[in-house]
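I opened a fresh notebook page for this one and went looking for pockets, cavities and ring contacts. Here is what I looked up, in the order I looked.

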Amino acid sequence: MIYSLNCQNYINGQWLDARAENILASHNPANKTEVVATFPRSQVEDVDIAVAAARQAYQHWRQVPAPARAEYIFRVGELLAEHKEELAQLISREMGKPLTEARGDVQEGIDCAFYSAGEGRRLFGQTTPSEMPNKFAMTVRMPIGVCALITPWNFPVAIPCWKAMPALVCGNTVILKPAEDTPACATKLIEIFAAAGLPPGVINLLHGVGEEVGKALVEHPDIDLISFTGSSETGAYVGATCGRTHKRVCLEMGGKNAQVVMEDADLELALDGAVWGAFGTTGQRCTATSRLILHRDIKEKFTSMLCERAKKLRLGAGNHPDTDIGPIINHRQQQRVNEYMKIAREEGAEILIGGEIATEGELKQGYFFQPTVLDNVTPKMRVAREEIFGPVVALIEVNTFEEAIAILNDTKYGLSSSVYTRDINRAFAAMRDIEAGITYINGPTIGAEVHLPFGGVKQTGNGHREAGTTALDVFTEWKSVYVDFSGSLQRAQIDNRG
Ligand code: ADP
């Protein structure tokens with residue numbers, strides 16, 4: 001049955017329309033005419049109300065014991081598990097990814113819930129000896145306050161969970177501003193948070209346009225922290241504005257991830273990794289394999305294996321059981337990927353397979369793009385340097401392992417990376433020398449687990465890591481506490497040493 005959802009904002013425990021009557025819509029990227037949801041175009045006044053609610057709720061929420069806060073998140077995890085299939089179907093319909101991947105998107109939320117809930121009974125600080133007698137020293141984590149979470153469409157459930165769950169366990173209140181392309185996924189997710197019984201104002205949802213409601217959040221004087229995942233351009237603006245308005249900010253931006261295949265690699269294994277890394281989620285993951293750096297001895301053979309396999313990938317709607325590759329998220333992004341084909345040709349790259357918008361049969365109803373392999377790519381070409389965010393992989397030939405690592409590192413980004421080799425020495429050299437937040441040995445560039453830090457070096461991020469215990473560093477501040485039980489004024493060593 002084709003139905004369209006009427007999404008609302010969620011503020012202070014209530015579902016509300018925006019103050020302005022302007023309504024936007026999200027569409028099924030596999031079928032442009034199908035409206036998945038309508039959602040409000042929130043304005044500055046809506047932001048003000050949500051911020052006031054989150055601010056008020058914070059005063060109470062920060063004092064709820066962390067293990068009790070964590071129990072709500074545990075409940076969210078249970079509810080996500082109960083509603084997994086329903087959510088996955090919606091993700092597939094609104095964002096386009098194949099159902100198997102959509103289930104993974106929800107599973108990541110579930111994993112994150114149980115992992116974050118466990119942190120409610122840890123949130124460890126340190127105790128350490130004092131310089132002074134009869135004095136006790138320790139560190140404790142404090143929540144930061146009201147956090148605005150600005151999220152993209154490519155993991156419409158997992159990414160909001162990654163941000164909201166640790167933020168809440170740490171004692172913050174949150175306002176989620178999801179991407180314009182996936183409002184229904186965000187709404188269903190927040191329904192689950194609401195059903196878990198979180199007190200009013202602890203979690204809020206504001207729909208709308210990034211340049212309007214997102215911007216208003218970033219500039220709002222009463223927000224303490226922005227956690228952003230999205231494009232480098234928007235991230236640069238968010239970072240600059242947070243600097244100007246003195247907010248904490250965690251940025252997760254672009255990538256230009258590479259997989260190296262050395263001449264000693266298990267080629268079948270490397271092929272499985274390359275196909276999944278480059279074409280999984282239609283290449284629309286921040287960690288997607290966008291460059292394949294191939295040793296010259298295996299380049300020809302590996303290239304023909306890759307093209308052979310890529311040609312067999314079946315494009316289609318995400319909820320169709322035979323689909324390997326879903327659509328691109330929207331028309332703008334499809335055009336952008338197509339534009340890179342022109343750039344590739346002009347720069348002298350060769351399109352081995354794909355390179356075009358896919359229009360056969362039902363595909364013309366959506367935003368599909370053929371899986372594409374670009375050959376004769378040199379490291380300075382734009383297609384080797386810029387994030388394309390589509391099912392496109394660039395092949396670069398190298399003569400040595402050292403050259404492979406140097407080219408892998410020759411990018412302004414540094415999110416994920418991968419090396420296929422059977423040589424233990426090369427594997428360890430790669431782990432040491434690759435400039436990236438994530439390195440896989442004999443695995444593709446995609447496949448992060450929620451209990452390990454996620455994030456990148458250089459222009460991918462701003463030094464923070466999401467997931468794992470490192471997420472706690474984003475959502476808490478350290479306080480050092482000294483307790484003097486000597487009964488007299490004890491000056492610190494800097495003040496009492498001659
Ligand atoms: P993408 O290319 O993935 O759409 P964006 O960076 O444009 O990347 O979007 C990521 C998120 O940032 C979305 O939720 C979007 O609405 C939001 N956004 C876009 N522009 C702004 C802005 N100027 N200020 C705050 N948020 C924004």
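**Entry 1: sorting the residues.** Before I could sort any lining by class, I needed the classes: Ala, Val, Leu, Ile, Met, Phe, Trp, Tyr, Cys and Pro count as nonpolar, Asp, Glu, Lys and Arg as charged, and the others, Gly among them, as polar. I also noted at the top of the page that this is a predicted model.

**Entry 2: the largest pocket.** I looked up the volume of the largest pocket and got about 1300 Å³. Its lining takes in 45 residues, and W153, G230, S231, T234 and R332 lie nearest the centre. I then asked which elements give two or more residues to this lining. They are strand 4 (23-28), helix 7 (210-219), strand 11 (225-229), helix 8 (232-245) and helix 11 (331-347). Sorted by class, the lining residues of the largest pocket come out as 17 nonpolar, 15 polar and 13 charged.

**Entry 3: where that pocket sits.** Why does the largest pocket lie between domain 1 and domain 2? Domain 1 (5-253 + 461-480) and domain 2 (257-441) both contribute residues to the lining, so the pocket lies between them.

**Entry 4: closed spaces.** Next I counted cavities of 30 Å³ or more and found four. The largest cavity has a volume of about 120 Å³. It is lined by 15 residues, with G283, A288, S290, I388 and F389 closest to the centre. By class I noted six nonpolar, six polar and three charged residues in the lining of the largest cavity.

**Entry 5: the second largest cavity.** This one has a volume of about 90 Å³. Among the residues lining the second largest cavity are C112, Y115, S116, E119, W162 and P166; V450, A467, G468, A471 and L472 are also in the lining. I checked which helices supply at least two residues here, and they are helix 4, helix 5 (158-169) and helix 15 (470-475). Helix 4 gives the largest share, four residues. The class split for the second largest cavity is eight nonpolar, two polar and one charged.

**Entry 6: aromatic pairs.** How many aromatic pairs does the structure hold? I found five. One of them joins Y10 and W15 in a tilted arrangement, 4.6 Å centre to centre with 45° between the planes. Is Y10 buried or exposed? Y10 is buried, because its relative accessible area is 7% and the cut-off for buried is under 20%. W15 has 30% relative accessibility and therefore counts as partly exposed.

F74 and F114 form another tilted pair, at 4.8 Å between centres and 45° between planes. This pair links distant parts of the chain, with F74 in helix 2 (residues 66-82), F114 in helix 4 (residues 99-119), and the two positions 40 residues apart. Both rings are partly exposed: F74 has a relative accessible area of 38%, and F114 has 33%.

**Entry 7: a charge over a ring.** I also looked for a charged side chain above an aromatic face. K97 lies over the face of F155, 3.8 Å from the ring centre.

**Entry 8: a glycine in a loop.** My last stop was G443, in the loop between strand 19 (438-441) and helix 15. G443 is buried, with a relative accessible area of 11%. Its C-alpha atom is 6.0 Å from that of G273, although the two residues are 170 apart along the chain.

Notes: Residues are numbered from 1 along each chain as its sequence is written. This is a predicted model: local features need pLDDT of at least 70, side-chain atom pairs count only at pLDDT 80 or more; totals for chains, interfaces and linings use all residues. Side-chain values use heavy atoms; hydrogens and water are left out. Rings of Phe, Tyr and Trp (its six-membered ring) pair if their centres lie within 6.5 Å; planes under 30 degrees apart count as stacked, over 60 as edge-to-face and the rest as tilted. Buried means under 20% relative accessible area, exposed over 50%, partly exposed in between (1.4 Å probe, protein chains only). A charge sits over a ring if NZ of Lys or CZ of Arg is within 6 Å of the ring centre and within 35 degrees of the ring normal. On a 1 Å grid over the protein atoms alone, a cavity is a set of points where a 1.4 Å probe fits but cannot get out, and a pocket is an open set with protein on both sides within 12 Å along at least five of seven lines; lining residues have an atom within 4 Å of a point. Grid points are joined across faces, edges and corners, and a volume is the space filled by probe spheres set on the points. Domain bounds come from an automatic or database domain assignment.
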